[in-house]
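Let's walk through this model together, starting where the ligand meets the protein and then moving on to rings and backbone. Keep the viewer open as you read.

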Amino acid sequence: MIWFSYCSKVLHEMNKKIARFLAENVPATPCLVVDLDIIAKAYETLRRYLPIATVYYAVKANPAAEIVAMLAKKGSNFDVASPNEIALCLDNGATPERLSFGNTIKKERDIAAAYAAGVRLFAFDSEAELEKLARSAPGARVFCRILVSCEGADWPLSRKFGCTPELAVKLLCRARDFGLDPYGVSFHVGSQQTDLGQWDGAVASAARMFSLLAEADINLRMVNIGGGFPARYRSEVSPVAAYAGAVTAALTRHFGNRIPEVIVEPGRSLVGDAGVIQSEVVLISDKGDDSGKRWVYLDAGKFNGLAETMDESIKYRIETPGRGGATGPVVIAGPTCDSADILYEKTEYRLPLGLEVGDKVEIMSTGAYTSSYASVGFNGFPPMRTYCI
Ligand SMILES: *Cc1c(COP(=O)(O)O)cnc(C)c1O
């Protein structure tokens, strides 16, 4: 079938099932098609290479009920951030003791509701949040998120979350005084982290906190190493085995033979490569300027699924099935009436010169942070539909 001819070998293998679904069902575009088998395999691979860690899937990466149900069946736990994510997990096979309320910014009534539902593991990174937990989740296990640099991450999660390790030590002492169970330390080295060395410093900070708190007779039991493992966008990334090796080495180096319970919270690396967005070319134009670039407008943009192209941070692989031949430089934009809705202008992208209005365009590795990361209907364009197959 001509369908496959444009694919590189790896993609060809990866997306046969998705290509067949698209060819047979011809769904309206834009849409996201997610192959559950790829997610299952990614989960198994992570378990195999990082057996030291318990997996908590970061639900925000893709909250499709089918994904949650499949992972729950495979034994995954879940990192949740809101009452709706808690309900989603409980409705799809998870039990409350398998949930971690990992958002450090929670309404107190949401803490109370989670506690009433049976959730007993909560994140915090400030004194005020700790006070809410003490009041509304008495006796719960709590872990403090620390600041880390996030250097090397294409989608950093720095500054907004975490506190200094010094403050974290004080707050975990306070947690005990409040009747909570000071359970551990968490960090997130930044999403799509390409520097495998980043885990070492973060684990070192966590291990120092374990020692300092032991002097105050508080024995932490858990380190939560967050997410950060990558999906395959335009640049090559190391395989999950290399990431797992770096993390395991860091744990061994800094905790010796006293490695505590380890939690890993993969989002992007579990679901990213499992999804393909199919989009349609709406317009191809030339501005009459001397840029030499055509503008290609797609029916998928920043507001209906491609939010992570903000600042051109995430650079997706883009395929044009059935259109080979010579290519030329392009600016790629979405369909809405907002000039922020440009996907790639500075980053060099090239598309076939033979591309035509109405052609299908496939945006690869779009299983994470896409369909749910959309506006509800800016300009009347709804969030794109997800098909889990
Ligand atoms: C978003 C998030 C994750 C997932 O990060 P990825 O880089 O997508 O794996 C994990 N933990 C927390 C607390 C998060 O907010």
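A polar side-chain atom of Lys60 lies 2.8 Å from an oxygen atom of the ligand. Bear in mind as you inspect this contact that the model is predicted. Turn next to Tyr369, where an N or O atom of the side chain is 2.6 Å from an oxygen atom of the ligand. With Glu265 the partner on the ligand is a nitrogen atom, and it lies 2.6 Å from an N or O atom in the side chain of Glu265. How much of the ligand does the protein bury? Taken alone, the ligand exposes 390 Å², and 91% of that is buried by the protein.

Now step back to view the surroundings. The ligand sits in the largest pocket, and 13 residues surround it. Lys60, Ser191, Glu265, Gly267 and Tyr369 are the closest of these. If you colour the shell around the ligand by class, you will find five charged, five polar and three nonpolar residues.

Aromatic rings are the next stop. A pair of such rings is described by the distance of the centres and the angle of the planes. The count here comes to twelve aromatic pairs, and one of them is formed by Phe229 and Tyr243. Their ring centres are 5.2 Å apart and their planes make an angle of 45°, which makes the pair tilted, since that label covers angles that are neither under 30 nor over 60 degrees. Phe229 belongs to the loop between strand S10 (222-224) and helix H11 (240-255), while Tyr243 is in helix H11, so the pair ties together parts that are 14 residues apart in sequence.

Finally, let's look at the backbone. Most residues other than glycine have a negative phi, and most peptide bonds are trans. Gln192, which is not a glycine, has a positive phi of about 50°; you will find Gln192 in strand S9 (residues 191-193). The peptide bond from Thr29 to Pro30 is cis, with omega near -5°. To locate Pro30, look in the loop between helix H3 (16-25) and strand S1 (31-34).

Note on methods. Residues numbered from 1 in each chain as written. Predicted model: local features only at pLDDT ≥ 70, side-chain atom pairs only at ≥ 80, totals over all residues. Heavy atoms only, no water. Near = heavy atom within 4 Å. Polar contact = N/O pair within 3.5 Å; in protein donor to acceptor, adjacent residues only side chain to side chain. Areas by Shrake-Rupley, 256 points an atom, 1.4 Å probe, with all protein chains shown as cover. 1 Å grid on protein atoms, 1.4 Å probe; cavity = no way out; pocket = protein on both sides within 12 Å on 5 of 7 lines; lining within 4 Å. Sits in = over half its atoms within 2 Å of the grid points. Nonpolar A, V, L, I, M, F, W, Y, C, P; charged D, E, K, R; others polar. Phe/Tyr/Trp six-rings, centres within 6.5 Å; stacked < 30°, edge-to-face > 60°. Helix = DSSP H or I, 4+ residues; strand = E, 2+ residues; numbered from the N terminus.
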